[in-house]
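This briefing goes through a few local features of the structure shown below, beginning with charges over rings and then turning to aromatic pairs and strands.

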Amino acid sequence: MDRTRWIFLDQLGPHFDDGGPMLLVESRSSWRGRTLHRAKLQLLLSAIRHRARDLGDRVDFRQVEHYSEAVDGRDDLQVIDPTSYRARRLVRRVGAEILPSRGFVTSESDFAAWADSRAGKRLLMEDFYRVVRQRTGVLMEGQEPAGGRWNHDHDNREKPPKGAASLGLPAPLWPEEDDIDEEVRHDIARWERDGVVTLVGDAGPRRFAATAAEAEAALADFVEVRLPDFGPFEDATLSGDWTMAHSLISAPMNLGLIDPRDVIDTVAAAYAAGDAPIRSVEGFVRQIMGWRDYMWHLYWRLGEDYATSNNKLEAHEPLPQVFATLGRDLGGAGGGAGDGDAGDGTGEPTDAAGQAVVEANCLAETLDGLHRHGWSHHIQRLMILGNWALQRGVEPSALSQWFIDMYVDGTPWVMPANVVGMSQHADGGIVATKPYASGGAYINRMTDHCGGCRFDPKKRLGPDACPVTAGYWAFLDRTGPVLMGNPRMRQALSGLAGLSDREAVVQQERERTRW
């Protein structure tokens with residue numbers, strides 16, 4: 001029997017296409033009942049429809065309410081195993097032929113063999129990463145790592161240039177929108193008016209690749225222009241430079257538009273040619289070959305209920321309203337103009353997007369960037385948004401879902417271990433050995449946010465006390481009984497015990513407005 005390859009919305013690139021007939025389904029039920037970032041839905045629909053156009057007569061492109069309308073009753077479907085528990089249940093219910101998953105460097109069976117071989121030992125991403133480097137030969141010189149070290153993270157913690165508004169790099173190569181993007185904007189506006197979708201965030205120009213060709217061009221531009229600076233300023237943040245030296249290819253990679261191994265080989269070739277330093281190349285390769293693959297495999301190993309069943313720090317606060325509105329006082333105006341014009345061409349918010357309501361600059365700047373672009377880099381996610389939620393005890397699974405819905409690169413597999421495990425330490429140490437909690441000193445060192453803020457990162461008590469600094473001590477006070485057995489937290493908890501104003505700080509943070 002001739003098989004039809006049913007491709008999912010994160011399998012849109014050529015490495016998921018082996019020739020032959022294809023089925024692509026745009027199911028509106030996938031985004032009903034959720035609040036999504038407008039840029040995320042725009043990118044998703046643009047990518048689906050561009051792929052349908054590229055495939056031409058080979059594709060049966062179905063735009064339906066539910067997947068069942070397109071697949072029930074068919075006995076000719078073949079599927080590359082999809083990336084979520086829900087999708088895997090669907091393809092098995094339909095009776096499709098299942099092929100091994102793709103789009104990652106390490107196969108599921110290879111990871112399982114590695115993890116099983118470490119029975120009784122703690123799984124560590126760094127150990128996994130080294131094994132994959134050795135197996136693939138990427139950034140290896142014989143049996144030794146290129147540059148003499150496996151990990152150059154220590155060299156990649158430079159502060160942002162003092163007094164600079166940006167890194168001074170050319171703007172990334174932005175994709176050019178076409179008639180499909182225009183069609184998507186009109187459809188989204190109609191669905192929003194009809195109550196089909198609920199959206200927040202700006203409808204600015206599309207900034208992320210929606211086709212394989214755009215993804216390849218974005219990668220080439222990154223390697224040529226920003227890769228050398230990626231490593232040094234990997235963790236730094238400037239208010240006037242939302243892209244810094246980052247690649248912006250996480251979204252097209254998670255849509256399956258570009259093969260991560262091709263990305264890695266391209267970046268490694270730049271090092272071999274002397275066009276980029278090892279600290280930048282190794283740092284970038286580790287994010288994809290190491291961390292991204294590791295998150296994927298942990299998603300399956302930890303189980304479907306991982307996000308909802310882990311809350312070791314007893315965090316039960318609801319998602320803050322400023323997170324839900326991305327820092328805006330919407331005042332009934334909605335999260336952007338419903339006709340798709342909530343932006344002036346630069347991606348800046350218009351009055352229709354509401355007024356910023358967050359006083360702390362670090363949180364305000366990060367939420368504003370997320371509002372405008374549907375994206376922020378990993379330190380903004382971990383050490384600003386994640387740290388803020390961790391300190392205030394936000395319920396981890398709700399936070400994880402928020403990240404999935406707000407970020408253009410958010411997927412059901414990528415966020416649980418990242419948010420619940422690493423960011424919120426809700427699993428008690430399966431993913432990370434200690435909570436990623438910090439006071440304002442870290443924010444002051446690695447960003448330019450504190451200079452114009454009304455709060456003082458050095459103060460923990462009083463009207464100008466930094467909510468991140470004070471929040472750090474309040475967090476330790478709340479979670480100390482759980483964390484006291486963690487050897488990496490002993491010094492911090494010892495510092496807490498020595499605070500003369502501990503009770504006053506804790507009471508202040510109980511009473512202070514949750515921004």
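In this predicted model, the charged end of arginine 88 sits over the ring of tryptophan 300, at 3.7 Å from the ring centre. Tryptophan 300 also belongs to an aromatic cluster, together with Tyr85, Phe104, Trp296, Tyr299 and Trp413.

**Charges over rings**
- Besides the contact between arginine 88 and tryptophan 300, there is one in which arginine 207 lies over the face of tryptophan 174, with 4.3 Å to the centre of the ring.

**Aromatic pairs**
- The structure holds 28 aromatic pairs, and one of them is formed by tryptophan 402 and phenylalanine 403, whose geometry is edge-to-face, with 5.0 Å centre to centre and 85 degrees between the planes.
- Both partners in that pair, tryptophan 402 and phenylalanine 403, are buried.

**Strand E1 and its partners**
- From strand E1, which spans residues 4-7, Thr4 and Trp6 point one way while Arg5 and Ile7 point the other way, and all of these residues are buried.
- Such a pattern is expected because side chains in a regular strand alternate between the two faces of the sheet.
- Strand E1 pairs with strand E5 (residues 77-80) in the parallel sense over two bridges, and within this pairing arginine 5 stands opposite glutamine 78 of E5.
- Strand E1 is also joined to strand E2 (residues 22-27) by three bridges, the two strands running parallel, and here isoleucine 7 stands opposite leucine 24 of E2.

Note on methods
Residues numbered from 1 in each chain as written. Predicted model: local features only at pLDDT ≥ 70, side-chain atom pairs only at ≥ 80, totals over all residues. Heavy atoms only, no water. Buried < 20%, exposed > 50% of the residue type's maximum accessible area, 1.4 Å probe, protein only. Helix = DSSP H or I, 4+ residues; strand = E, 2+ residues; numbered from the N terminus. Pairing = 2+ DSSP bridges. Phe/Tyr/Trp six-rings, centres within 6.5 Å; stacked < 30°, edge-to-face > 60°. Lys NZ or Arg CZ within 6 Å of the ring centre and 35° of its normal.
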